[in-house]
Amino acid sequence: MRHLLSTAQLERDETIELLDQAAEISRLNEESSRKFPTLQGKTVFTLFFENSTRTRISFELAAKRLSADVINFAAEASAINKGENLKDTAQTLEALGADALIMRHPKGGAAYSMANNDWTTASVINAGDGMNQHPTQALLDALSLRQGFDIPDGKGLDKKRVLIIGDIVHSRVARSNIDLLAKLGAEVIVAGPGSFAPESGYANLDEALEVKPDAVMMLRVQKERMNQPLIPSDREYANLWGLSERRAKSIPDALILHPGPMNRGLEISSYAAESEKSMVLKQVKNGLAVRMAVLSSVLGGKNATV
Amino acid sequence: MKTVMSEEDIKRTSRRMAHEILERNSEPFLLLGIPTRGVSLAQFIQQNLDEIAPGNSELGQLDIGLFRDDLDTRPAKAISETVIPGNVDGRLVVLVDDVLFSGRTIRAALDALSSFGRPAEVQLAVLVDRGHRQLPIRADYVGKNIPTSLTEKVQVKTMDIDGENSVVIE
């Protein structure tokens, strides 16, 4: 695997292999915070054209745990604002000897352009592009589900029913997960307000919860869409679509996932966020392990002669 | 393809290696197999140790996937489990691998080991030493020395992974 741009490029077997690696790494991370020399001498850039502190520090720590040199290209404060285009940025980082570029961009397809235009020889990892994809998020969610269900390494998520709730249409997290979880054999169901969910999904959360999901995945409400015609108000959204205490109690055995940062009291109640079934912190831990596995996988065998 | 060690040979050899390890060390030790087949061999040796001197050794395994120095030229290999009973600080550790070749696996294993702590002493046991070292590393216990050319492939097969116990040269 040279780049990781989309979950679409991952076959089931390859996905399970990546999850197995990440699972092993997460066990090592549990034991101690020590570093591994795997990526010694490699230079990794994080390029975030859109703010995301959590994803950036997760990738940054992953690269550092593998002994790579990590440089933060603070895209907002940089030449981008002076008008530099993506190609020039790519070529500048190439000239500095970049081995991997971890990229977050507000436009869908940005990571693909970066990887497929002969601008750079670096491996590109998509850390979220517009409404398109966020593959490492889907991988870390899949790993958290597998651990939460006590499914052993080497296996998928066959026959598990996962309900994704919220702004399905505008969410790269939902898009990546729907694809990846289905490949792993899970049954993926979506629910969200009519303006946010495909017609095949549920338009009423209480009805959706009656399908007895094995896990629910809450999506963050993007505040920038609030008070626009699509969502009239916070309170209405919380009432209709929030995972309240009552709703969480109606599915006592289901795992609860949220990609963070959470809007408590809006899409998720404090009760749900802190319940025994909440995987939120597990997801953060697994994010680190998955990104370590992805980095060593895209950088492995790059200069292979055979 | 030529079989150079049969199941019977491997049995006898691992028994001899168990005796040699005990002969040289009076204190209890930790036997760490290097995945994948080093782990199976460590099990063979441990079975013998359990018969000869029960309770004198503990068995574990040490993965080196994240410690290799050839990531550039070979795709990342699957990472296996590392199991270390207790810790390694101040203990005698005997590393076990199937084939000793360039010595790079053992270098990586030494790095991996030192990331867990500081053993009192580290020794190395291998079933086959095929020569062509690229680093100043030698084994303390060798099952069989097999001189090879660089183009040949030495393959140790074990029951749990390959369905048979043997050593072949291609």
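Start by selecting helix α5 (residues 135-148) and helix α11 (residues 280-299), both in chain A, whose axes come within 8 Å. On the α5(A) side, pick A:Thr136, A:Leu139, A:Leu140, A:Asp141, A:Leu143, A:Ser144 and A:Gln147; they meet A:Lys282, A:Gln283, A:Asn286, A:Gly287, A:Val290, A:Arg291 and A:Val294 in α11(A). Colour this contact by class and you'll get 5 nonpolar, 6 polar and 3 charged residues. Keep in mind as you go that this is a predicted model.

Now look at how the two helices cross. Their axes make an angle of roughly 120°, and that makes α5(A) oblique to α11(A). The crossing is right-handed.

Keep α11(A) on screen and add helix α2 of chain A, residues 53-65. Here the axes sit 8 Å apart and the angle is about 55°, which makes α2(A) oblique to α11(A). This crossing of α2(A) with α11(A) is right-handed too. From α2(A), select A:Ser58, A:Phe59, A:Leu61, A:Ala62, A:Ala63 and A:Arg65; from α11(A), add A:Gly287, A:Leu288, A:Arg291, A:Met292 and A:Leu295. By class, that contact comes out as 7 nonpolar, 2 polar and 2 charged residues.

Next, bring chain B into view. The contact between the chains takes 19 residues from chain A and 15 residues from chain B. Which elements of chain A give two or more residues to the side that touches chain B? They are α1 (12-31) and our old friend α11. The biggest giver is α1(A), with 6 residues. Sorted by class, chain A's side of this contact has 6 nonpolar, 8 polar and 5 charged residues.

Time for a sheet. Show the strands of chain A in the order β6-β5-β7-β8: they make an open sheet of 4 strands with parallel pairing. Which strands stand at the edges? Those are β6 (187-191) and β8 (255-257), each with a single partner strand, so one side of each has no neighbour in the sheet. From one strand to the next, the twist averages 20°. Zoom in on β7 (residues 215-218) and β8(A), which pair over 3 bridges. One pair to click on is A:Ala215 with its bridge partner in β8(A), A:Leu255.

Follow the chain on from β8(A) into the loop before α10 (270-274), and you'll find A:Pro261. The peptide bond from A:Gly260 to A:Pro261 is cis, with omega near -10°. For another cis bond, hop over to chain B and select B:Pro35 and B:Thr36, where omega is about 5°. B:Thr36 lies in the loop between β2 (29-33) and α2 (37-52) of chain B.

Back in chain A, select A:Pro106, in the loop between β3 (100-105) and α4 (110-115). Is A:Pro106 buried or exposed? A:Pro106 is exposed, because 12 other C-beta atoms lie within 10 Å and 12 or fewer counts as exposed. Measure to A:Glu50: the C-alpha atoms are separated by 5.9 Å, although the two residues are 56 apart along the chain. Beyond its neighbours within four places in sequence, A:Pro106 contacts A:Phe49, A:Glu50 and A:Gly130.

Finish in the loop between α5 and β5 (161-165) of chain A, where you'll find A:Asp150. A:Asp150 is not a glycine, yet has a positive phi of about 60°. The loop also holds A:Lys159, another non-glycine with a positive phi, about 70°. A:Asp150 is exposed, with 6 other C-beta atoms within 10 Å, and A:Lys159, with 9 C-beta neighbours inside 10 Å, counts as exposed.

Terms used
Residues are numbered from 1 along each chain as its sequence is written. Chains are lettered from A and ligands numbered from 1 in the order in which they are written. This is a predicted model: local features need pLDDT of at least 70, side-chain atom pairs count only at pLDDT 80 or more; totals for chains, interfaces and linings use all residues. Axes are lines fitted to C-alpha atoms, for helices over the stretch in contact, and angles run from 0 to 180 degrees between N-to-C directions. Angles under 35 degrees count as roughly parallel, over 145 as roughly antiparallel, 65 to 115 as roughly perpendicular and the rest as oblique. A crossing is left-handed if the near helix is turned anticlockwise from the far one by less than a right angle, and right-handed if clockwise. Two residues are in contact if their C-beta atoms, placed from the backbone, lie within 7 Å. Ala, Val, Leu, Ile, Met, Phe, Trp, Tyr, Cys and Pro count as nonpolar, Asp, Glu, Lys and Arg as charged, and the others, Gly among them, as polar. Two strands pair if DSSP finds at least two bridges between them. A residue is buried if 20 or more other C-beta atoms lie within 10 Å of its own, exposed if 12 or fewer, and partly exposed in between; C-beta atoms are placed from the backbone.
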